[in-house]
Structure formats: structure tokens, C-alpha cells
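Biologist: Could you take me through one helix of this model in detail, and then show me how the rest of the chain fits around that picture? I'd like the cut-offs spelled out as you go.

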Amino acid sequence: MKTITNEIVKRFEQYLYEEEKSDNTIEKYMRDSRFFCDGLVVSLFLGEYNSNL
């Protein structure tokens, strides 16, 4: 299983800068990345919670 770390997210951000994406695009992609990662954490937590009921 692959883990999404802060380092991977920072490298993705750096890649976007290197590809000369606009600041607004980078901001949106980073916001979407955080939202996605937060959703995974909640899903994993709820899965663990439900399995303990």
C-alpha cells in the first residue's frame, strides 16, 4: 500500500511550479490534495471505529 506523505504533496507542488502552472491552479490543486487526504483519514478512522462496534 502506498502512503501519501507531506513530502509527496510538497514534491507535487514543486512539480506544478516547475511546469509553470498559474498560482491559482497550484492553489486549487493543493487545496484539492488536502481535501482528498483529509477524506482518506476520516474514512480510515470511521472504518476502524465501525469495526470496533
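Modeller: Happy to; here is a close look at helix α1, followed by the rest of the chain.

A word on the ground rules: this is a predicted model, in which local features need pLDDT of at least 70 and side-chain atom pairs count only at pLDDT 80 or more, while totals for chains, interfaces and linings use all residues. Residues are numbered from 1 along each chain as its sequence is written, and side-chain values use heavy atoms, with hydrogens and water left out.

The chain has two helices and zero strands; helices (H or I, at least four residues) and strands (E, at least two) are DSSP runs, numbered from the N terminus. Helix α1 has 13 residues, and from its first C-alpha to its last it reaches 18 Å, close to the 18 Å expected at 1.5 Å a residue. That expected span is 1.5 Å times one less than the number of residues.

Which residues of α1 are buried? They are V9, E13 and L16, where buried means under 20% relative accessible area, exposed means over 50%, and partly exposed lies in between (1.4 Å probe, protein chains only). These three cover an arc of only 60 degrees around the axis, so they sit on the same side of α1; the arc is that of the directions from the helix axis to the C-beta atoms. On the other side of α1, K10, R11 and E18 are exposed. Just after the helix, E20 takes a positive phi of about 60 degrees.

E13 deserves a closer look. This glutamate lies in α1, which runs over residues 6–18, and its relative accessible area of 19% makes it buried. Apart from neighbours within four places in sequence, E13 is in contact (heavy atoms within 4.5 Å) with I26 and M30. The side chain of E13 also meets that of K10 in a salt bridge, at 3.3 Å from N to O. A salt bridge here is a side-chain nitrogen of Lys or Arg within 4 Å of a carboxyl oxygen of Asp or Glu. Why might such a pair form? Side chains of opposite charge can pair when their charged atoms come close. E13 and K10 are three residues apart in α1, so about one helical turn separates them. K10 counts as exposed at 52% relative accessibility, whereas E13 is buried.

The structure holds three salt bridges, and helix α2 offers further examples. E27 pairs with R31, the closest N and O atoms being 3.5 Å apart; these two are four residues apart in α2, which means that about one helical turn separates them. E27 is partly exposed at 47%, and R31 is partly exposed at 43%. D32 and K28 meet at 2.6 Å, N to O, and both lie in α2, four residues apart, about one turn of the helix. Relative accessible areas of 35% for D32 and 40% for K28 make both partly exposed.

Helix α2 (residues 23–51) also holds L40, which is partly exposed at 36%. Together with I4 and F36, L40 forms a nonpolar patch on the surface, with about 270 Å² of accessible area. Patches are made of residues with over 30% relative accessible area and no salt bridge: like charges are joined within 9 Å, nonpolar side chains (Val, Leu, Ile, Met, Phe, Trp, Tyr) within 5 Å.

For the whole chain, 13% of the 53 residues count as buried. The accessible surface comes to about 4,900 Å², with 55% belonging to carbon and sulfur atoms; these areas come from the Shrake-Rupley method with a 1.4 Å probe, and for residues only the protein chains shown count as cover.
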